[in-house]
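Q: Hi! Could you walk me through how the chains meet in this one?

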4 protein chains.
Amino acid sequence: MDIIAMRRDLHRHPEVGFTEFRTASIVVRRLESLGYEVHYGPEVMVAQERMGVPSDSELQAAYERALSEDANPAVLKKMQGGLTGIVATLAKGSKGEVMAVRFDMDALPVQESTSEHHRPAQLGFESQHPGQMHACGHDGHTSIGLAFAEKMVNTPFEGVLKLIFQPAEEGGRGAYAMVQAGVADDVDYFFGLHLGLDLPDGAVSGGTHEFLASTKMQAHFQGIAAHAAAAPEQGRNALLGAASALMNIHAVPRFSGGPTRVNVGMLHGGTAANIIAEQATMTLECRAESSDIHADLEHRVTSILEYSAKMHGLDLSITVTGKTIAAKCDDELVQIAMAEAQQVNGFTSVKPSHPLGASEDATFFMERVQNRGGKATYMVVGTPIPAPHHNPRFDIREDALERAVNVLERIALKLLSSKGK
Amino acid sequence: MDIIAMRRDLHRHPEVGFTEFRTASIVVRRLESLGYEVHYGPEVMVAQERMGVPSDSELQAAYERALSEDANPAVLKKMQGGLTGIVATLAKGSKGEVMAVRFDMDALPVQESTSEHHRPAQLGFESQHPGQMHACGHDGHTSIGLAFAEKMVNTPFEGVLKLIFQPAEEGGRGAYAMVQAGVADDVDYFFGLHLGLDLPDGAVSGGTHEFLASTKMQAHFQGIAAHAAAAPEQGRNALLGAASALMNIHAVPRFSGGPTRVNVGMLHGGTAANIIAEQATMTLECRAESSDIHADLEHRVTSILEYSAKMHGLDLSITVTGKTIAAKCDDELVQIAMAEAQQVNGFTSVKPSHPLGASEDATFFMERVQNRGGKATYMVVGTPIPAPHHNPRFDIREDALERAVNVLERIALKLLSSKGK
Amino acid sequence: MDIIAMRRDLHRHPEVGFTEFRTASIVVRRLESLGYEVHYGPEVMVAQERMGVPSDSELQAAYERALSEDANPAVLKKMQGGLTGIVATLAKGSKGEVMAVRFDMDALPVQESTSEHHRPAQLGFESQHPGQMHACGHDGHTSIGLAFAEKMVNTPFEGVLKLIFQPAEEGGRGAYAMVQAGVADDVDYFFGLHLGLDLPDGAVSGGTHEFLASTKMQAHFQGIAAHAAAAPEQGRNALLGAASALMNIHAVPRFSGGPTRVNVGMLHGGTAANIIAEQATMTLECRAESSDIHADLEHRVTSILEYSAKMHGLDLSITVTGKTIAAKCDDELVQIAMAEAQQVNGFTSVKPSHPLGASEDATFFMERVQNRGGKATYMVVGTPIPAPHHNPRFDIREDALERAVNVLERIALKLLSSKGK
Amino acid sequence: MDIIAMRRDLHRHPEVGFTEFRTASIVVRRLESLGYEVHYGPEVMVAQERMGVPSDSELQAAYERALSEDANPAVLKKMQGGLTGIVATLAKGSKGEVMAVRFDMDALPVQESTSEHHRPAQLGFESQHPGQMHACGHDGHTSIGLAFAEKMVNTPFEGVLKLIFQPAEEGGRGAYAMVQAGVADDVDYFFGLHLGLDLPDGAVSGGTHEFLASTKMQAHFQGIAAHAAAAPEQGRNALLGAASALMNIHAVPRFSGGPTRVNVGMLHGGTAANIIAEQATMTLECRAESSDIHADLEHRVTSILEYSAKMHGLDLSITVTGKTIAAKCDDELVQIAMAEAQQVNGFTSVKPSHPLGASEDATFFMERVQNRGGKATYMVVGTPIPAPHHNPRFDIREDALERAVNVLERIALKLLSSKGK
């Protein structure tokens with residue numbers, strides 16, 4: 001497999017969270033052809049545990065687009081409704097330990113740059129899907145996963161290799177549903193990885209810190225409309241409740257234990273100047289570096305929502321549209337990753353940990369594995385990026401892809417060696 | 001009795017709500033000497049139903065002042081703790097109907113003017129009690145009550161005359177406790193009256209409208225202190241809860257059914273710039289012209305208090321420190337009052353009703369009497385006032401006092417005539 | 001002209017404010033054919049003094065719909081951009097006094113009921129324009145105007161009759177631009193009129209009170225976007241400014257001088273949970289019974305908007321999208337209207353004034369006429385209405401139309417009689 | 001001098017900021033007797049540059065208490081009005097370099113524990129001044145300063161030793177006024193020091209980090225009173241403005257560049273439930289680790305205060321009652337301090353820097369010295385503390401005092417050696 005050609009094909013066809021129909025179809029078909037045992041769709045995701053699922057019409061449009069782009073209809077059928085997660089296993093030798101690697105597949109709702117200075121545009125592999133773009137490197141992640149899969153077929157090892165291709169990492173929406181389906185329950189060693197993140201070319205980290213626990217929510221305030229001049233008292237003002245919540249949420253205290261964030265990013269409500277607003281919908285998020293602080297913060301935010309609504313006689317419904325947790329990498333795996341990376345051609349700098357300073361739902365896999373006695377880490381593979389992640393001019397340098405494949409192969413050999421541990 | 005001398009003596013010795021020890025002592029002794037059956041103290045008030053009672057030290061200081069001003073120690077003893085209400089009855093003939101008149105006795109926490117243009121100061125009968133003043137005419141009301149009592153001793157009638165001398169009308173704090181003691185339960189005809197209220201000299205109204213139902217409250221928010229720099233999250237910020245309540249209370253909607261009022265008049269909280277505020281205390285009131293609207297308004301205000309506290313993890317306690325209700329005067333008594341007033345020398349203008357536009361707790365007596373089948377009204381006796389009620393330069397013209405006594409006498413004769421109805 | 005057929009035709013083709021192309025085309029052609037001197041479009045409206053003008057695309061769509069419904073292309077051309085106002089005059093005799101009558105033509109953005117109990121639906125003349133409806137009787141007003149115009153052609157009088165057909169009365173958006181064009185500057189007697197308003201069948205009032213001065217506004221807060229986790233301090237939060245404004249606007253005090261209303265009816269802002277909101281747009285209104293109180297109220301509201309924006313480093317722009325003022329009817333015209341109404345068959349009850357309790361921009365005409373020494377009034381013609389104004393089941397009883405024409409004719413004869421005043 | 005006896009005497013007589021009359025009198029007299037050139041009062045402080053000065057009556061009461069406690073009347077006279085700062089110099093050899101050490105003298109408004117477990121109480125040297133206590137170790141600092149002064153008299157050195165005894169360090173109120181008087185303008189080496197701060201017994205740091213820039217303010221909102229029922233619109237509601245400011249101040253965003261703090265710690269306003277609040281006074285603070293962030297934060301807070309006031313038609317006055325800045329210790333001095341500390345008997349652990357995590361106005365001296373080319377550091381001398389700083393049971397272990405004197409002496413010898421640098 002030409003890893004660079006694969007990455008460019010995926011880059012041309014970005015698909016946002018839970019609509020990765022074409023991408024997933026390619027992954028399934030290739031892994032099946034390599035001899036992996038492949039499970040996908042409802043087998044590996046609990047549909048109702050997903051968060052922030054697009055509307056039916058959005059799902060349907062993406063589904064049809066994938067069909068028109070030659071995705072496999074039989075594969076797609078099993079993924080209907082956006083169940084685009086895949087788990088593939090390759091077992092060798094007598095029953096051994098399980099090493100899993102997670103690759104995320106989704107793109108972002110960003111319109112890609114067409115500047116001649118933007119390499120994908122210059123070389124003609126820019127996004128063909130208006131308003132969508134692989135602006136976070138997940139095209140690279142998926143390509144690494146496929147190349148790694150191919151490489152391991154002919155590599156002798158003892159144990160089980162488990163490749164997890166996850167939808168909807170952006171916003172923290174897809175991992176939890178896969179974890180709830182039990183896909184991490186038998187994993188002894190778990191790896192996540194990310195390209196870029198301001199780690200320079202040739203650098204690699206065996207672990208990561210500063211995973212921000214985060215929750216994204218939509219809060220809907222339902223009041224009662226009334227004519228604002230004729231009978232204002234007959235209304236229950238949804239905008240008044242929402243504005244009060246907004247003020248108080250932003251006034252949640254700082255935490256001495258570490259940085260926190262809170263933001264009401266959207267508010268939409270009401271119908272006309274002379275009508276007491278019947279409804280208001282608020283989109284918000286909160287984040288913290290530790291799970292304890294995050295839990296406290298989230299509790300305060302939801303309390304404020306609840307009591308702001310009650311205060312104005314409103315009904316409130318809260319939908320969690322995304323969630324990530326904090327995590328810690330296990331030193332045992334960090335050390336192994338560092339040791340193996342040092343053997344890989346092209347890595348010129350190896351460090352134990354890189355700060356993420358952001359949110360990542362691979363942490364749900366990590367937590368599950370660690371809770372069951374396994375080990376987990378999350379590596380970062382450096383590559384120069386001409387613009388920040390999520391920017392219309394984001395790009396990676398493609399030679400990092402092969403380095404990533406190589407280090408994964410070495411780690412797998414180390415952990416799943418015939419000698420055992 | 002010289003009604004003007006009495007009014008001036010009371011004016012020199014104003015006593016605020018529930019501290020009317022000297023005033024009440026004078027009333028008790030005089031009514032006893034006239035042959036009335038006089039009950040006072042716990043017999044005529046349910047202590048715990050009073051609202052906004054001064055602190056023990058304030059009560060004690062007023063008690064001692066009254067003793068030093070020659071109040072009767074035996075009378076005072078029965079009024080300890082501020083039970084300064086009095087009910088006196090005079091019965092003539094075989095068992096007849098009961099006519100009651102309410103007179104209020106309390107002064108205001110206002111520092112009286114010493115200007116030479118202020119007649120009490122000019123004539124030397126200004127307040128001798130710093131910071132307290134009869135700035136609402138209750139000195140006149142009490143004097144009218146005593147002169148009326150004297151007059152009725154020698155007037156033949158058939159029935160029971162009941163004179164109610166009430167403490168703490170200001171703020172709506174005293175009437176309810178007397179009503180709860182049952183003092184209005186046998187009343188067939190109830191009269192309240194007030195001097196002034198922008199009704200001109202020589203005018204009188206047989207009834208009153210625009211009694212504002214009102215509630216005064218004190219809300220205490222109890223939070224948790226914490227160092228604002230070292231551990232802000234350990235606090236529960238009482239000021240944040242109180243400020244949020246304040247904003248939302250003022251944002252309660254207008255009512256299409258009639259004017260309402262709401263005000264947070266005081267807020268005190270916190271201890272230092274670098275401490276998360278542990279406590280905050282808010283003093284507020286709401287008012288409406290109808291009892292239904294008032295109930296709705298009060299419910300909204302208390303909901304806001306409750307949920308603002310919960311929103312910030314605070315404990316809340318609300319104390320009602322004053323309350324009045326709305327009321328309607330019975331036309332039957334209004335007509336009688338008007339007819340008799342027209343016979344009284346000095347009344348040059350008689351009208352059925354005058355708008356109060358304020359709150360009055362005589363309404364509790366009115367409600368009780370009306371609920372039991374009796375009739376009630378509230379008269380206003382005009383007199384020129386050089387400054388508004390509650391102002392340091394408030395005063396009345398004393399010739400109105402006798403006119404008020406005369407119209408009450410004629411009404412009593414009419415209602416308690418030997419001929420019956 | 002069959003007044004009922006005309007009303008039903010207009011009812012079938014409702015056009016909202018500034019899109020009354022078909023309606024105006026009919027009015028222009030008919031008045032021209034009757035021999036009136038007709039001016040319309042930019043001659044009678046100052047385009048930029050209009051408020052709340054629809055978007056270009058909305059205007060264009062309505063324009064084309066009117067063409068497709070056989071409106072006169074030449075007439076429409078002069079009304080391009082929504083200049084749908086018309087002024088027609090008929091002069092008789094030597095130079096005399098000018099009597100003007102205002103008729104409003106616009107419909108509402110309401111979806112008409114198709115219930116069999118709704119008479120227009122039952123008789124098949126319900127709205128053919130989805131989402132638009134004559135739910136306030138302006139179809140009747142326009143029909144009255146046309147029938148009155150026809151009648152006056154053959155009626156002898158001395159003076160000038162001026163018929164003003166106004167667009168966009170709803171929301172108070174059209175009258176001001178016509179007044180600014182000077183169309184009321186020569187008027188000696190001005191009449192507005194309205195059907196319904198809870199005045200019963202057969203009743204009519206010579207005047208109206210409780211015109212609410214009102215202002216509708218749109219406030220736009222422009223901030224700076226920033227990533228809510230990575231650099232919240234680089235943002236300027238438009239939603240925080242808007243929410244603060246909303247809370248404080250609703251907390252504007254009650255006025256003792258009369259009822260007021262204030263409402264933020266819509267708020268839309270922000271783009272995503274993790275972005276500091278860059279913009280927010282608020283739609284609001286305030287109202288009061290007197291112009292003085294309204295001016296004070298509006299000043300407070302705009303101050304709050306301004307300083308809420310500044311507080312958060314935001315730019316603010318306010319657009320007034322509708323405005324009405326308070327007004328008083330002149331007793332001279334009220335008396336004449338009442339006297340003439342008593343002569344009209346079908347009017348069974350005549351009263352001097354009816355409370356509007358709402359806003360009406362005919363008040364701008366009234367003010368201009370009165371300021372220049374003329375007289376003005378606003379009559380209400382009773383008719384039973386099965387549902388309130390602006391309701392999908394609003395309707396009128398059509399026999400009121402002719403009564404309205406008849407009383408206008410009698411008034412015109414009285415005021416523009418050959419004898420003069 | 002017995003350093004422990006001195007510390008206990010000062011501990012028995014705590015004096016809060018700008019009232020250190022007795023303490024300063026002792027310091028002046030002793031330094032004069034040792035042969036220092038001593039300047040104090042207006043010579044070393046710009047009176048109007050002080051912040052948070054107590055009221056005249058508080059100053060006067062403390063002054064008289066000091067007199068009654070045998071403070072020197074002549075010395076006190078020069079310190080009238082709270083000018084309690086002192087600067088003493090000792091010069092040896094030909095003109096040399098200047099080394100300055102700052103000692104703070106003020107106590108806290110804390111009621112000291114009388115528990116038998118509290119050593120000062122147990123040994124009988126607890127505070128004799130009700131409500132005041134040396135709960136931050138400044139009694140120790142002053143004692144160290146005096147013992148150090150004594151020691152240096154007999155120690156040979158070349159240069160100028162400058163001892164600065166500063167009032168009102170608590171709240172950041174005194175240093176700035178001394179800096180403005182120029183007392184640091186000739187300083188080449190500046191040292192501050194603090195006991196405790198969770199540094200263990202026997203430990204010492206050559207420098208300090210995490211000095212929080214801070215500003216304490218009092219904001220006064222002046223509105224207009226009005227009767228809340230009779231004419232609410234005539235008021236300008238100071239509590240509404242203050243509550244709005246409070247909400248918005250707490251909602252100031254987090255800064256990505258480092259931790260910040262903001263707190264409205266006190267709010268007092270209004271007079272009665274039925275009066276629109278005429279005034280409100282708010283006490284608040286903000287803090288940040290860097291001066292840039294602090295400047296931005298303070299600007300936002302004052303903007304919110306300003307525009308909240310304007311929004312409600314209020315006048316605002318802001319008084320800065322305390323201020324500190326951030327600072328960095330110079331490595332050159334840190335290294336010298338560490339090297340010398342290692343030679344001092346009793347110091348078992350030496351580290352370059354200890355985090356303060358709090359505010360300290362010695363930073364004003366540091367900034368001035370550094371801006372003029374000098375070097376500065378701030379040392380921490382460990383000692384076990386049974387309760388946190390500012391707690392009623394705070395205490396130090398007195399053997400740390402002598403160690404602190406000894407390290408200062410060694411540093412002075414090093415810097416002011418006859419060999420020069």
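A: Happy to. Between chain C and chain A there are 11 residue pairs in polar contact, both residues at pLDDT 80 or more. A polar contact here is a pair of N or O atoms within 3.5 Å, one able to donate a hydrogen and the other to accept it, with sequence neighbours counting only if both atoms are side-chain atoms.

Q: What should I know about the model itself?
A: It is a predicted model, where local features need pLDDT of at least 70, side-chain atom pairs count only at pLDDT 80 or more, and totals for chains, interfaces and linings use all residues. Residues are numbered from 1 along each chain as written, chains are lettered from A and ligands numbered from 1 in written order, and side-chain values use heavy atoms, leaving out hydrogens and water.

Q: How many salt bridges between chain C and chain A?
A: Zero, taking a salt bridge as a side-chain nitrogen of Lys or Arg within 4 Å of a carboxyl oxygen of Asp or Glu.

Q: And how many residues are in contact?
A: 33 residues of chain C touch 33 of chain A, with contact meaning heavy atoms within 4.5 Å. The copies meet through the same surface, because 100% of the interface residues of chain C are also interface residues in chain A.

Q: Which strands pair?
A: Strand 9 (residues 260-270) of chain A pairs with strand 9 of chain C, antiparallel, over five bridges. Strands are DSSP E runs of at least two residues, helices H or I runs of at least four, numbered from the N terminus; pairing needs at least two DSSP bridges. A:His268 stands opposite C:His268 there.
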